[in-house]
Amino acid sequence: MTIGVPHYLIVSGILLACGLFTVVTRRNAVAILMGIELILNAAILNLVAFSRLVTGAVGGQVFALFGIVLAAAEAVVALAIVLQLYRAFRSVDTTETTELKE
Amino acid sequence: MSLHPFPYLWLIPALPLLGAIINGLFGSRIQRRFGETGIWATAVLLPWISAAIAAWAFVTLARSGPETALYVKLWGWLNVGWLDADVAFTLDRLSGVMCLVVTFVGSLIHVYSIGYMRGDPGYWRFFAYLNLFMFAMLTLVLADNFLLMFVGWEGVGLCSYLLISFWYRDKEKAVAGMKAFVVNRVGDAGFVLGLFLLFWGVAGTWQNPPHVQHPLPDIILGGEGAGATTRAATAGTVVGSEGHSLPAPQRVMMESIVSGIVHGEGAAAAAPLPRTSVKFREVERILRDPARRDAFVSQRWLGLSLVTLACLFLFLGATGKSAQIPLYVWLPDAMAGPTPVSALIHAATMVTAGVYLVARLHFLFALSPLALTVVATVGAATALFAATIGLFQHDIKKVLAYSTVSQLGFMFVAVGVGAFWVGIFHLVTHAFFKACLFLGSGSVILGCHHEQDMRKMGGLWKLMPVTAFTYLLSCLAIAGFPLFSGFFSKDEILWKVFSTGNLVYHSGGFWLYVIAAVAALCTSFYMFRSFFMTFTGKYRGEPHGHDAHASSPSTHDSGLTTHDSPAASHDSPHDSSHSQPAAHSSHLPHESPASMTVVLAILGALAVVGGFLGVPPLLGFLPNWFEHWLEPVFGGSEHFVHWRHYPHAYEWGLMGASVVIAFLGAAVAWWLYYAARSPIPGRLMASGSPLVRRVHRLIYNKYYVDEVYGRVFVDGGVGLSRGLWWIDARIVDGLVNLAGRIGALCGMLQGWIDRVFVDGLVNQVGDGIVAGGRRLRGTQSGRVQTYVYGIVAGCVMFALLTYAVPW
Amino acid sequence: MTTSLAGAVVFYALAALAVAGAAWVAFARNIVHSAFALLATFFGVAGLYAFLSADLVAVIQLLVYVGGILILILFAVMLTSRISEVKVSNRSAGFGLGLLVLLGTIGVMAAVALRVPWGKAPPATPEPMAPGVGDALLGPYVLPFEVVSVLLLAALIGAVTLARGRKRIAASGTPGAAAPDPVPERKTKDEERKTPDGEVQP
């Protein structure tokens, strides 16, 4: 039996789908953020799988690391924004925070 | 040419850049916090470190054999198709010399500027620009390819502009900067066109090489047997011919020889020639291959051979940067900048970039006698032209500016007759003595409280002994007094011009020699004129004091100094070595601070001894190091440059003539201007002879070239646009109006149709769009999820189109 | 390249952990549950990295995701929601459409994964990859590496600037009540139902 690229791709596809589902259905900004993390994980899993099973080089892993770092940066900034959102609106429900004004 | 990796090479341009960044970004804060010391500490130290690295690299290069170059590649830059530009630096023997001159003279001038710019509010800005200039100039010199060189080329132009209009509140100075920029732009267009032509032309030669029957690798390995091998051994590159390819065993032997010759990264030399390249050494390799060279040279375009055309365009770029006819007009105006800038940029380094370009591309220029003739002729014409203008200037910096233009002309004459090393030699000695002259003039200007008019100077020998002495040494050097540096380089130029066999017109060498000799005579005269007017006789200026300062109109200029020296300069603690008690009062000119005089002394000493690097074999008391040093670089072009052979007597005779010229010019200047006692100039002027007056007026007004340019290009442009406007207003508008009338008639007809038939349809569509928009407005809800759906739908679409739909 | 039975078991176990975690994140009714389910997913994915013998990435995944991002998310949850109120904390909307997206995505991804003929790398020896990755980071990828570090710095500063809020908050005093800000309340839809604390009244 062979665990090949398609296996990983399907796993990552499911992660991606769950992430997307979370993003489109949740109304809580933090939950949306979790969905985004899932999507990023799916992408990074792809990178690592390709790096190992298709190219055999380390480039994919390097980019996986970059991806993780990007995710961290994104999470930090996004959570800071969420906090500000909460201060301004007293809520993190994205259906309520639809005004561009201060 | 084999390449030796030298990983520290990039530091040479990078360190000044670092200084520029530090002072450019944080300079104003550093100046407020630490004062001027904080500024110049970094700005002066970094160029010195880079000079030390340059010296180290130079020694490394000297130790590693004649056919080597130090090389460092930082990263690939534009590697697209045949374009192979890297950000890489190469230090071969030619760029090594330039690099040493630039870093060393540049660093000295940095030191000089410490004292010169003291008290200027823009102190940090000045040093940031100066460091940036060093970076750009070193990039230009060390560049591995045309494109990187062009970056440096534009960079020095930018810095020149920034520094000329350094005191930008003064409109005249700002305009001078703009003039320099615009004129340089014309030259840069030529540079770019030449580069394109070259790149394209070299690539074209492979398409249909007329004489080539074999595929390329055969050409490389085919050869003339032993002759080719020795040739390859001397030149370090593989020269083949279009002849028969060798039998297999011999080819194997050749291959082993080839791979034995080139080593290190030079092993690439055995690789097939690239189709085209922007790297200097690759182009040189291509053009050394006879088949490729013949194919390239035989290409013609618009009746001129492509190589001539490319050379002429590149030379246009060189005339812009190096202030030659027709693009010299910016350099005299560039004297509006601070004097250290004039010394560094407009005398020692940047303006020599054109000479360096021609020398760098010697393998290209050597292929086109016509282009070389143009270079030499333009150089000689400029040399004489600028020298005659210099005869009657009163502004000390203007004299030096025209002198620079003239000396650059000499350099172009040298490279134009194919004596590339002589041009570079004169470049080096000129960098020493002209920098010293400019800095000396700066010292005088500072000492005389911003006075630049030589008629108001005089007698400064007693008051500023160091300045006067170094100025005298440099005058002797530039005038070509025996054993001073200018003597060796200028005499060599004159001799090479005389004996050239390379010009396309008959006995051109002799006429060019005459022109250059007259220019040399003028040079000697006006330099000593400036010396005598400035340093001998009696002080003719009004005593300047603090009150004179306060009433000076331009110091009211909202805190920004507009004079060519900082206002606060004489508050500086100046030297106590004065013998003249009167000089201690601030009413008389005074000697400059030690940081300036030391630099003057070093440059003066170099101006004296610099010539011993290239003693001609005729004198022969020292070997000609300079020619020997540059021979591996220019050796490849020697076949294409022809010399006539004269007996030694001619050479002795010409040398004697040079000496006589130098003494004659100086003697006339002494006779007329020493102590300003001679009434002759005044009497000549007053004599009222119309010829004298007219000639004087013509030359004094610089042959009205600025006016002619203004008339032709500026007024011409305005007139052309007026004419076009007239055509536009009368003829075109009439036609348009007629067409408009007809159109209106048709329009009325159509309008009726429109209203009745079309509008109905259009209104329908419009209403539909409005209604759709109203509905679509709902999508811009501000809700994140709505947008995510859009993204997902797009992605799904894409994936389906790519993978799922069977095309 | 065949995988041993034990290897396959390990793979499926890890994949199941990751997928189950992800599903739970997507469907949980309580946001705290979602957060902890995310932990399971991260562990599963880290295991998959290890299974791919990408040891360094696996470790970094644990360090950064589990140690950093998840903690941040938990903090955010605590700070912003009344976590005991299930409905407030993790309401969802558009369930049907979301399900469509979910299934559609899985379908498309699976189709692509199964249809495309993926290349094969030469069988790699199971040795630590960290040295190779390290060399690559400081060799050919050094420029992106530096850029990423600058990006991190920018994100750090940006986050601090954002989270600190406006200066007038601090200036207008009441240090005890720093968190609830003096900015006038927005007129949200259910403002009338809220106390100033943001709590929903029955």
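In the predicted model, B:Ala516 is found in helix H23 of chain B, which spans residues 508-535. This residue counts as buried because 26 C-beta neighbours lie inside 10 Å. Leaving aside neighbours within four places in sequence, B:Ala516 is in contact with B:Ala380, B:Ala383, B:Phe410, B:Val413, B:Ile493, B:Leu494 and B:Val497. One of these partners, B:Phe410, is 106 residues away from B:Ala516 in sequence, whereas the C-alpha to C-alpha separation of the two is 7.3 Å.

The surroundings of B:Ala516 belong to a wider nonpolar assembly. The largest nonpolar core contains 236 residues, and the members that touch the most others are B:Phe133, B:Val413, B:Ala435 and B:Ala516. Helix H19 of chain B (residues 420-447) contributes the most to this core, with 18 residues. Apart from it lies another core, of 92 residues, which includes A:Leu9, A:Val58, A:Ile68 and A:Leu83.

Several contacts of B:Ala516, among them B:Phe410, B:Val413, B:Ile493 and B:Val497, recur in the packing of two helices of chain B. Helix H18 (residues 396-416) and helix H22 (residues 485-498) of chain B pack at an angle of about 45°, and their axes are 9 Å apart. The two helices are therefore oblique to each other. The crossing of H18(B) with H22(B) is left-handed. On the side of H18(B), the contact is made by B:Phe410, B:Val413 and B:Ala414, and on the side of H22(B) by B:Lys490, B:Ile493, B:Lys496 and B:Val497. By class, these residues comprise 5 nonpolar, no polar and 2 charged.

At the level of the whole chain, chain B has 31 helices and 5 strands. Of its 807 residues, 51% count as buried. Among the contacts in chain B with a separation of 6 or more, 78% are between residues 24 or more positions apart.

Two local backbone features of chain B fall in one loop, that between helix H12 (306-322) and helix H13 (330-333), where B:Pro326 is placed. A cis peptide bond, with omega of about 5°, joins B:Ile325 to B:Pro326. B:Ala323 also has its place in the loop between H12 and H13 of chain B. Its phi is near 55°, a positive value in a residue other than glycine. B:Ala323 is buried, since 31 other C-beta atoms lie within 10 Å.

A positive phi of about 55° is likewise found at C:Ser53, which is not a glycine. C:Ser53 lies in the loop between H2 and H3 of chain C. With 17 C-beta neighbours inside 10 Å, C:Ser53 counts as partly exposed, whereas B:Ala323 is buried.

Chain C has 8 helices and 0 strands, and its pattern along the sequence is accordingly written α-α-α-α-α-α-α-α. Of the 202 residues of chain C, 27% count as buried. Residues 24 or more positions apart provide 52% of the contacts in chain C with a separation of 6 or more.

The contact between chain C and chain A takes 84 residues from chain C and 68 residues from chain A. On the side of chain C, the elements that give two or more residues are helix H1 (5-27), helix H2 (31-51), helix H3 (55-80), helix H5 (95-115), helix H6 (130-138) and H7. The largest share of this side, 13 residues, comes from H3(C). The residues of chain C that touch chain A divide into 56 nonpolar, 22 polar and 6 charged.

Between these chains, helix H3 of chain A (residues 59-89) packs against helix H7 of chain C (residues 142-164) at an angle of about 10°, with the axes 9 Å apart. This angle makes H3(A) roughly parallel to H7(C). The crossing of H3(A) and H7(C) is left-handed. The contact residues of H3(A) are A:Phe66, A:Val69, A:Ala73, A:Val76, A:Val77, A:Ala80, A:Ile81, A:Leu83 and A:Gln84, and those of H7(C) are C:Pro144, C:Val148, C:Leu151, C:Leu152, C:Ala155, C:Gly158, C:Ala159, C:Leu162 and C:Ala163. By class, this helix contact has 16 nonpolar, 2 polar and no charged residues. One of the H3(A) residues in the contact, A:Leu83, is also among the members of the core of 92 residues.

Conventions: Residues numbered from 1 in each chain as written. Chains lettered and ligands numbered in written order. Predicted model: local features only at pLDDT ≥ 70, side-chain atom pairs only at ≥ 80, totals over all residues. Axes fitted to C-alpha atoms, helices over the stretch in contact; angles between N-to-C directions. Helix = DSSP H or I, 4+ residues; strand = E, 2+ residues; numbered from the N terminus. Parallel < 35°, antiparallel > 145°, perpendicular 65-115°, else oblique. Left-handed = near helix turned anticlockwise from the far one by under 90°. Contact = placed C-beta atoms within 7 Å. Nonpolar A, V, L, I, M, F, W, Y, C, P; charged D, E, K, R; others polar. Core = buried A, V, L, I, M, F, W, Y, C linked by C-beta atoms within 7 Å. Buried ≥ 20, exposed ≤ 12 C-beta atoms within 10 Å, placed from the backbone.
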